[in-house]
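User: I am new to this structure and would like to learn how to read its features one at a time. Could you give me the general idea in each case and then show me the example here?

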Amino acid sequence: MIQTYVFWNGHEPVRGQYNFEGRYDVVKFVKLVGSNGLYLHLRIGPYVCAEWNFGGLPVWLRDVPGIEFRTDNAPFKEAMQCFVTKIVDLMREENLFSWQGGPIIMMQIENEYGDVERKYGQRGKEYVKWAAKMAVGLHTGIPWVMCKQTDAPYDIINTCNGYYCDGFKANSKNKPILWTEDWDGWYAKWGGRLPHRPVEDLAFAIARFFERGGCFQNYYMYFGGTNFGRTSGGPFYITSYDYDAPIDEYGRSPE
């Protein structure tokens with residue numbers, strides 16, 4: 001299975017004007033995955049973090065009157081629902097969901113919101129419920145996940161991101177144990193040391209995860225990349241997003 005984000009700031013650089021050309025041709029990418037006999041986990045977000053500037057949110061969003069990001073705020077929820085619906089409809093129109101014969105077997109809404117939810121208080125809790133209901137209401141016919149979200153509603157699978165997830169349990173016995181981000185490295189900063197994780201440690205963590213009931217594990221990253229232009233977030237993140245991946249941003253693997 002291939003796992004990828006969907007970058008709102010790349011696909012909607014101007015409100016209401018969409019870009020699915022060149023590097024942002026997400027339909028072509030999904031079809032390429034399917035043509036190679038692979039499945040796809042599409043992580044819409046649309047906040048994706050990913051060490052991208054603004055976490056992947058478009059800059060125009062900050063100028064919407066009365067907006068507050070990632071909370072129970074009507075202007076933000078309206079814009080977010082519009083974009084998520086756009087992506088879901090595009091996937092459905094191109095017959096890319098698994099029940100249509102396509103490769104997409106799982107989706108994601110939001111991204112590691114559990115790390116900041118407490119700061120938003122009750123409005124944060126309401127936002128999680130809304131995001132889950134909105135996503136399920138799009139009737140994709142496939143499961144949705146929320147990573148690092150212990151209070152994910154019953155119809156959303158909560159998942160683990162981290163270096164070690166062998167002790168992770170879903171918030172319901174009716175949900176599978178998923179490891180959506182197995183960090184094989186870390187991002188680098190200008191002037192800092194390049195992070196490195198020994199492959200022996202990585203392999204042991206994976207074996208222990210499956211031994212203890214895990215059923216899905218994803219390398220983050222498996223194929224390193226580059227944050228071009230001003231997409232690299234901060235503070236002081238370098239533009240390379242190699243992440244100590246087994247395949248670097250140039251397509252090379254270590255000897």
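Analyst: Let us begin with a cut-off that will be needed throughout: a residue is called buried under 20% relative accessible area, exposed over 50%, and partly exposed in between. Please keep in mind that this is a predicted model. With that scale in hand, F223 has a relative accessibility of 47%, so F223 counts as partly exposed.

User: Where does F223 lie, and which residues does F223 touch beyond those up to four places away in sequence?

Analyst: F223 lies in the loop between β7 and β8, the latter being residues 225-226. Leaving out residues up to four places away in sequence, F223 touches A245, I247, D248, E249 and G251. Together with Y219 and Y222, F223 also forms a nonpolar patch on the surface, and the accessible area of these residues together is about 310 Å². A further distance helps to place this loop: the C-alpha atoms of F223 and F236 are 22 Å apart, while 13 residues separate the two along the chain.

User: How should I read the sheet, and what is the order of its strands?

Analyst: In general, strands of a sheet pair through backbone hydrogen bonds, either parallel or antiparallel. Here an open sheet of seven strands has the order β1-β2-β3-β4-β5-β6-β7, and the pairing is parallel. The edges are taken by β1 (2-5) and β7 (216-220), each of which has a single partner strand, so one side of each is left without a neighbour in the sheet. On average, neighbouring strands of this sheet are turned by 25 degrees against each other, direction ignored.

User: How many bridges hold β6 and β7 together, and which residue of β7 is the bridge partner of D182?

Analyst: Strand β6, residues 178-183, pairs with β7 in the parallel sense over four bridges. The bridge partner of D182 in β7 is Y219, and W183 stands opposite Y220 in β7. Helix α5, residues 199-211, packs on the sheet and touches both β6 and β7, and its direction makes about 160 degrees with that of β7. On the other pairing of β6, three bridges join it to the parallel strand β5, residues 157-162, where G162 has D182 as its bridge partner in β6.

User: Is β6 enclosed or open to the surroundings, and is N218 buried or exposed?

Analyst: Six of the six residues of β6 are buried, so this strand is largely enclosed by the rest of the structure. N218, which is found in strand β7, is buried too, with a relative accessible area of 10%. Not counting residues up to four places away in sequence, N218 touches Q3, W179, T180, E181 and D182.

User: What should I look for in the backbone, and where are the cis peptide bonds?

Analyst: Most residues other than glycine have a negative phi, and most peptide bonds are trans. In this model, a cis peptide bond joins Y220 and M221, with omega about 5 degrees, and M221 has its place in the loop between β7 and β8. The peptide bond from G234 to P235 is also cis, with omega near 5 degrees, and P235 is in the loop between β8 and β9 (240-241).

User: Which residues other than glycine have a positive phi?

Analyst: Among them is A50, with phi near 55 degrees; A50 lies in the loop between β2 (40-45) and α3 (74-93) and, at 5% relative accessibility, counts as buried. Phi of D244 is likewise positive, near 55 degrees, but D244 lies in the segment after β9 and counts as partly exposed at 24% relative accessibility.

Terms used. Residues numbered from 1 in each chain as written. Predicted model: local features only at pLDDT ≥ 70, side-chain atom pairs only at ≥ 80, totals over all residues. Heavy atoms only, no water. Pairing = 2+ DSSP bridges. Helix = DSSP H or I, 4+ residues; strand = E, 2+ residues; numbered from the N terminus. Axes fitted to C-alpha atoms, helices over the stretch in contact; angles between N-to-C directions. Contact = heavy atoms within 4.5 Å. Patch = residues over 30% accessible without salt bridge, like charges linked within 9 Å, V, L, I, M, F, W, Y side chains within 5 Å. Areas by Shrake-Rupley, 256 points an atom, 1.4 Å probe, with all protein chains shown as cover. Salt bridge = Lys/Arg side-chain N within 4 Å of Asp/Glu carboxyl O. Buried < 20%, exposed > 50% of the residue type's maximum accessible area, 1.4 Å probe, protein only.
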